[in-house]
Amino acid sequence: MLITVAASKGGVGKTTLAYELAAALDAVLVDLDWDGGGATRMWGDNPLARRTAPLLDALERRATPRLRSRPGQPALVPSSPDLAASRVPSDVVADSLQDWAVAWAPRPVVVDTHPGANEFTEGGLLAADLVIVPVVLAGRELDALETMLDELAAYRVVLVPNMVPALPPARLVERLKTLADNSQVPVVGMVSEHRWLRRRVRRRAVVAEPTPGVAVAKAAAEYRAVAKGVVALFKQFEEATV
Ligand SMILES: Nc1ncnc2c1ncn2[C@@H]1O[C@H](COP(=O)(O)OP(=O)(O)OP(=O)(O)O)[C@@H](O)[C@H]1O
Ligand SMILES: [Mg+2]
């Protein structure tokens, strides 16, 4: 199972969701975002200080990259700033991701992406069994989602409401429902607004906290429910394809 987390908007929670899903599914997390604030940084590595670019090397040599692992964190293929200037075409990215997924099987693969259109994100989308799109319930975000759903009509898209306030505005919930219905795209689980997440410096995935407090346990349960829903959808799609 290869899932790619993507969104046309920045800051909607792609990286956090990808990180937690990878941890919940014991998946390999592939960081295709070259920006400093992405999954590699969250994992505890500074991509800007990296001298090596294992991801680019693997893409160029068509080899499987080595995984970095630490307890409580998803196994990682780190990003590097060199990705930004590299000219790897999307089909090479896609073919490589699929080869790696076979090499790492039965472990799932979760791909985190840079917002908007670029060769790496495109490759991640092409390779994906499922495209997970975190959705923030706000006017502009839903406008962007509408366009994205059009562009991604050929993909298996799954929407995950994210940063959902305790009392979400009914109008926006209704609009999301309409968008999902019109595009025949499933909505799976939801993640509440967890203000403490923004300040969290602990490297450990929320779902891997051994003794979580109430707030962390609630977030962990939400992420696990999303992971479970995603696996169920994947199985459903597999059965429909066979
Ligand atoms: N459910 C949530 N509740 C509250 N804050 C959240 C939630 N999910 C993510 N965040 C916070 O929102 C900010 C953006 O999240 P994240 O980096 O995951 O988004 P992104 O879509 O990957 O951003 P970018 O487009 O820059 O890559 C971070 O500070 C993160 O901690
Ligand atoms: Mg990100």
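This is a selection-by-selection tour of a predicted model, starting at the ligand and ending at a few backbone oddities.

**Ligand 1**

Select ligand 1 and the residues around it. There are 17 of these, and K14, T15, T16, S192 and H194 come nearest. Next, show polar atoms. An oxygen atom of ligand 1 has a backbone N or O atom of G11 at 2.9 Å. Another label to switch on is N162: an N or O atom of its side chain is 3.1 Å from a nitrogen atom of the ligand. For R198, look at the side chain again, where an N or O atom lies 3.2 Å from an oxygen atom of ligand 1. Taken on its own, ligand 1 has 630 Å² of accessible area, and the protein covers 81% of that.

**Loop after β6**

From N162, the last residue of β6 (157–162), step to M163, in the loop between β6 and α8. Check its backbone torsions: phi is near 55°, a positive value in a residue that is not glycine. M163 has 19% relative accessibility and so counts as buried, the cut-off being under 20%.

**Helix α7**

Select residues 139–151, which form helix α7. Put a distance between the end C-alpha atoms: they are 19 Å apart, which agrees with the 18 Å expected for 13 residues at 1.5 Å a residue. Now colour L142, A144, L145, M148 and L149, the buried residues of α7. They sit on the same side of the helix, because the arc they cover around the axis is only 155°. What do they pack against? Show β5 (130–136), β6 and α8 (170–183), which are their packing partners. Turn to the face of α7 directed away from this buried side to find the exposed residues R140, D150 and E151.

**Helix α6**

Move to residues 119–127, helix α6, where F120, T121, G123, G124, L125 and A127 are buried. These residues pack against β1 (2–5), α3 (54–61), α4, α5 and β5. Zoom in on the start of the helix: a side-chain oxygen of N118 comes within 3.0 Å of the backbone nitrogen of F120.

**S96 and the end of α5**

Select α5, residues 90–104, and pick S96 within it. S96 is buried, at a relative accessible area of 2%. A polar atom of its side chain lies 2.8 Å from the backbone oxygen of V92. Beyond neighbours within four places in sequence, S96 is in contact with L59 and R62. Add A63 to the selection: S96 and A63 are 33 residues apart in sequence, yet their C-alpha atoms are 8.0 Å apart.

Continue along the chain to A105 and P106, which are joined by a cis peptide bond with omega of about 10°. P106 belongs to the loop between α5 and β4 (109–112).

**S79**

Go to the loop between β3 (75–77) and α4 (82–85) and select S79. Is S79 buried or exposed? It is buried, with a relative accessible area of 1%. A polar atom of the S79 side chain is 2.6 Å from the backbone oxygen of D33. With neighbours within four places in sequence left aside, S79 is in contact with D31, D33, W34, T40, P47 and R50.

**Q184**

The last stop is Q184, in the loop between α8 and α9 (195–199). Although not a glycine, Q184 has a positive phi of about 50°. Q184 counts as exposed, at 72% relative accessibility.

How values were computed:
Residues numbered from 1 in each chain as written. Chains lettered and ligands numbered in written order. Predicted model: local features only at pLDDT ≥ 70, side-chain atom pairs only at ≥ 80, totals over all residues. Heavy atoms only, no water. Helix = DSSP H or I, 4+ residues; strand = E, 2+ residues; numbered from the N terminus. Expected span 1.5 Å × (residues − 1). Buried < 20%, exposed > 50% of the residue type's maximum accessible area, 1.4 Å probe, protein only. Arc of directions from axis to C-beta. Contact = heavy atoms within 4.5 Å. Near = heavy atom within 4 Å. Polar contact = N/O pair within 3.5 Å; in protein donor to acceptor, adjacent residues only side chain to side chain. Areas by Shrake-Rupley, 256 points an atom, 1.4 Å probe, with all protein chains shown as cover.
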